[in-house]
Structure formats: C-alpha cells, structure tokens
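Thank you all for coming. I would like to take a few minutes to go through one model, beginning with the ligand and then turning to the strands.

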Amino acid sequence: MELNLSGQFFGEQSNEDALQSEVQKMIVIGGGPAGLSAALYAARAALAPLVFTGKDLGGQAASTSTIENYPGFPEGVGGTEISELFHKQAERFGAKFLFDLVTDVDLLQRPFTVTTESGVFRAETLILATGATPNHLNVPGEDRLMNNGVSYCATCDGWFFKDKHVVVVGGGDSAFEEGILLTHYANQVDIIHRRDEFRAGAILLERATNNEKIQFVYSSVFEEILGEEKVEAVRIRDVKTGEETVHPTDGVFIFIGHTPNTQLYKGQIEMDAKGYVVVDKLMQTSVPGVFAAGEAADPDFRQVATSVGMGAAAAIQATRFLESE
Ligand SMILES: Cc1cc2nc3c(=O)[nH]c(=O)nc-3n(C[C@H](O)[C@H](O)[C@H](O)COP(=O)(O)OP(=O)(O)OC[C@H]3O[C@@H](n4cnc5c(N)ncnc54)[C@H](O)[C@@H]3O)c2cc1C
C-alpha cells in the first residue's frame with residue numbers, strides 16, 4: 001500500500017512482504033511535518049527510510065486550509081498542498097511510504113520491532129513523529145467551523161483577526177499566553193472559563209488583568225458555536241445560574257490542552273507527566289537508536305516550521321548514530 005502523490009494508496013502485497021523480510025535502516029512513525037522532514041533528510045543520507053503515515057498524510061498541517069507562516073511561501077500555502085510537496089520531495093530521494101497505522105512497538109531490543117495493521121517490520125533506528133491532537137470542546141458547530149473562525153493556535157491564526165472580537169476558551173497558562181498574544185491583533189479578547197478562578201500562573205494573570213483588551217467571563221461553559229459560513233457567536237451557559245446567553249464573536253480560540261499521540265511508547269521510553277517524549281537537544285530519547293521529533297516531543301512551540309526542524313535534526317542525528325556503529 002504505497003502512497004501516490006495525491007495521498008491515495010496503491011501497491012502490491014509483495015512490496016510489503018519484501019519490506020517485512022528486511023531490517024530497515026530507519027523507520028519513521030508519522031506522516032506529519034516532522035515525519036516527512038525526517039524522511040527527506042534520511043533519504044538524502046541514503047537510508048531509504050520506511051515511513052508509516054497513519055491515516056493522515058500531512059498530519060495536523062493538512063487539516064488547515066492555509067498556512068501563512070511557513071517560510072518560503074509569501075502568499076501562504078494550503079495545508080494539504082505543502083504536505084504533498086513534503087511527501088513528494090522525500091519520495092524523490094528514496095523514502096518509502098506506507099499508509100498504515102502502527103499498533104505496537106518494541107523498543108526494548110534492536111532491531112526495533114514496529115507492528116502495524118498490515119504487518120511486522122524491523123529497523124535499526126526509529127524516529128517517533130506521531131504528533132499531538134489539540135483537545136476539542138466537542139460542542140455543536142466546532143468541527144463544522146474549524147478554520148472558519150474556530151482555531152487551536154493563536155500564532156497560526158491570530159493574524160486573521162485584526163481589529164476583531166475573539167473569545168478564548170480555557171483557564172490555564174496556554175489560554176492566557178495565547179489570549180495575550182491575540183491582543184496584538186484583535187481589539188477585544190474575552191477569556192471564558194468554566195470555573196470561577198483561573199489555573200494560570202500569577203504573572204500571566206497579572207499581565208492579562210492589566211491588559212485593557214482582555215475581559216474575563218467566569219463559570220461558563222460552551223453549549224454551541226454559531227454561524228453559517230463562519231463563526232458569528234457562541235452560546236454559553238452560566239454553570240451557577242443555568243442561564244444561557246448568546247455572545248457575538250468573530251473567532252473562537254480553544255486552548256484546553258493537547259494530547260500527545262504517544263500511548264504506543266508508554267513504559268518503554270522516558271516521557272514527561274503529560275506524555276510528551278523526552279528528548280535532548282539532539283532529539284535523542286532515553287533509548288539509544290530511538291529519536292523523536294515534532295509535537296510528540298514538543299509541548300512548547302507546536303508549529304510546522306519547528307516540527308520540520310526537529311524532524312531534520314532527528315534524522316541527521318540518527319544518521320550519525322548509524323555511522324558511529
Ligand atoms: C487546525 C490547525 C491549524 C494549524 N495551523 C498552523 C499554521 O498555520 N502554521 C503552523 O506553523 N502550524 C499550524 N498548526 C500546527 C501544525 O500543524 C503542527 O505543529 C504540525 O503539524 C505538527 O507536526 P508533527 O509532524 O509533529 O505532528 P502531526 O502534524 O500531528 O502529525 C502526526 C502524524 O503522525 C501520524 N500518526 C499518529 N499516530 C500514528 C500511528 N499510530 N501510526 C502511524 N502514524 C501515526 C498521523 O497520521 C500524522 O501523519 C495547526 C494545527 C491545527 C490543528
């Protein structure tokens with residue numbers, strides 16, 4: 001099941017059988033920006049990496065219509081389009097792609113074993129690039145209006161809300177950091193939180209309180225995001241009184257955490273308390289020969305550019321690791 005350039009898959013069972021019988025120099029798990037960048041660098045180092053993309057070539061990047069902050073595209077670039085370009089470039093140098101979901105890994109002995117829905121594969125090195133998933137509110141209107149006013153990233157989308165009115169959902173540090181960032185663009189930012197106090201740190205709280213563009217709405221939960229083509233309002237409910245109100249807005253920024261897609265590696269590799277894979281500055285994990293890149297190992301930056309950088313670094317270091325043996 002090899003991918004063609006439009007992200008569809010084709011292929012022959014014999015090809016997969018051959019891949020299973022050989023020990024690969026490198027397997028990359030993940031077909032988002034980090035995995036595709038790692039694949040490119042490893043392919044250029046003649047490692048012929050085998051890449052499991054899971055169900056989404058391009059990962060989160062492919063879920064956004066336009067990326068305006070990736071260098072080299074002054075007019076912006078479509079999320080699907082850039083993913084296909086990354087894929088095509090890696091494939092040109094010999095990366096092999098399977099549209100297959102990894103269901104298990106054995107990191108305890110080399111060669112490492114990677115089990116997928118269609119087979120069992122082995123590799124001398126692994127790059128873990130399974131990304132993360134922004135937590136959703138799971139209210140009506142959220143999925144329908146994603147990219148049309150609903151966003152999970154102020155750095156990515158704040159620019160589209162110049163002089164507009166936006167609401168931020170959440171009460172922790174990231175809601176406050178992103179809310180403060182949004183005041184660089186929007187003329188009003190309402191931080192709406194389900195509790196009557198915030199979890200954000202004292203310094204962020206003070207900065208937000210002193211920012212005249214920020215207003216706070218306490219003890220309120222989202223019931224619905226409203227709008228036809230784009231966000232027009234949110235319906236919220238006061239959890240103390242039960243009263244529902246419609247709050248007009250141009251955008252909804254949801255910062256209620258991210259979940260790293262790292263359950264596969266649990267117990268076999270060092271992770272932080274939130275489940276992010278711990279890497280050093282060379283993208284090395286606690287297991288020699290296993291590297292991690294992108295949002296699976298990055299709770300801080302969460303960008304295409306930073307994920308691509310981590311992917312490149314992981315592949316360079318994995319190449320050095322193989323050469324040193
Ligand atoms: C709506 C939205 C808009 C965004 N807009 C921007 C923007 O404008 N600019 C910007 O810089 N960033 C933007 N981002 C963030 C950016 O997309 C991410 O930082 C980036 O995609 C992270 O790359 P990654 O490769 O680490 O992980 P991901 O993109 O999360 O990719 C993970 C990959 O791993 C695969 N995978 C997961 N589990 C398995 C498994 N078990 N087996 C095999 N494969 C698996 C997935 O299929 C996917 O291919 C946006 C994110 C979202 C959600």
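Let me start at Q60, where a backbone N or O atom lies 2.8 Å from an oxygen atom of the ligand, and please keep in mind throughout that what we are looking at is a predicted model. Two other residues present their backbone to the ligand in this way: a backbone N or O atom of G31 is 3.0 Å from a ligand oxygen atom, and for A61 the corresponding distance, again from a backbone N or O atom to an oxygen atom of the ligand, is 3.2 Å. As for how much of the ligand is covered, it has 1000 Å² of accessible area on its own, and the protein covers 93% of that.

Now to the shell as a whole. There are 36 residues surrounding the ligand, and the closest of them are T53, D56, N69, E295 and V304. By character, the shell divides into 15 nonpolar residues, 16 polar ones and five charged ones. If we ask which elements each supply at least two residues of this shell, they include helix α2, at 33-44, strand β11, at 132-134, and helix α7, at 304-323.

Let me move on to the open sheet, in which five strands follow one another in the order β12-β19-β13-β14-β15, with parallel pairing. The strands at the edges are β12, residues 150-151, and β15, residues 214-217, and because each has a single partner strand, one side of each is left without a neighbour in the sheet. Looking at one pair in detail, β14, residues 188-192, is joined to β15 by four bridges, the two running parallel, and here V189 stands opposite I214 of β15. Across this sheet we also find a helix: α5, residues 173-182, lies across β13, β14, β15 and β19, and runs at about 170° to β13.

Finally, there are two hairpins to point out. In one, β8, residues 102-106, pairs with β9, residues 112-116, in the antiparallel sense over four bridges, with D104 having T115 of β9 as its bridge partner, and five residues make the connection from β8 to β9. In the other, β17, residues 233-238, and β18, residues 244-248, are antiparallel and pair over five bridges, one of the partnerships being that of A233 with P248 in β18. This second hairpin has five residues between its strands, and in the turn G242 has a positive phi of about 80°.

How values were computed:
Residues are numbered from 1 along each chain as its sequence is written. This is a predicted model: local features need pLDDT of at least 70, side-chain atom pairs count only at pLDDT 80 or more; totals for chains, interfaces and linings use all residues. Side-chain values use heavy atoms; hydrogens and water are left out. A residue is near a molecule or strand if one of its heavy atoms lies within 4 Å of it. A polar contact is a pair of N or O atoms within 3.5 Å; within protein, one must be able to donate a hydrogen and the other to accept it, and residues adjacent in sequence count only if both atoms are side-chain atoms. Accessible areas come from the Shrake-Rupley method with a 1.4 Å probe; for residues, only the protein chains shown count as cover. Ala, Val, Leu, Ile, Met, Phe, Trp, Tyr, Cys and Pro count as nonpolar, Asp, Glu, Lys and Arg as charged, and the others, Gly among them, as polar. Two strands pair if DSSP finds at least two bridges between them. Contact means heavy atoms within 4.5 Å. Axes are lines fitted to C-alpha atoms, for helices over the stretch in contact, and angles run from 0 to 180 degrees between N-to-C directions.
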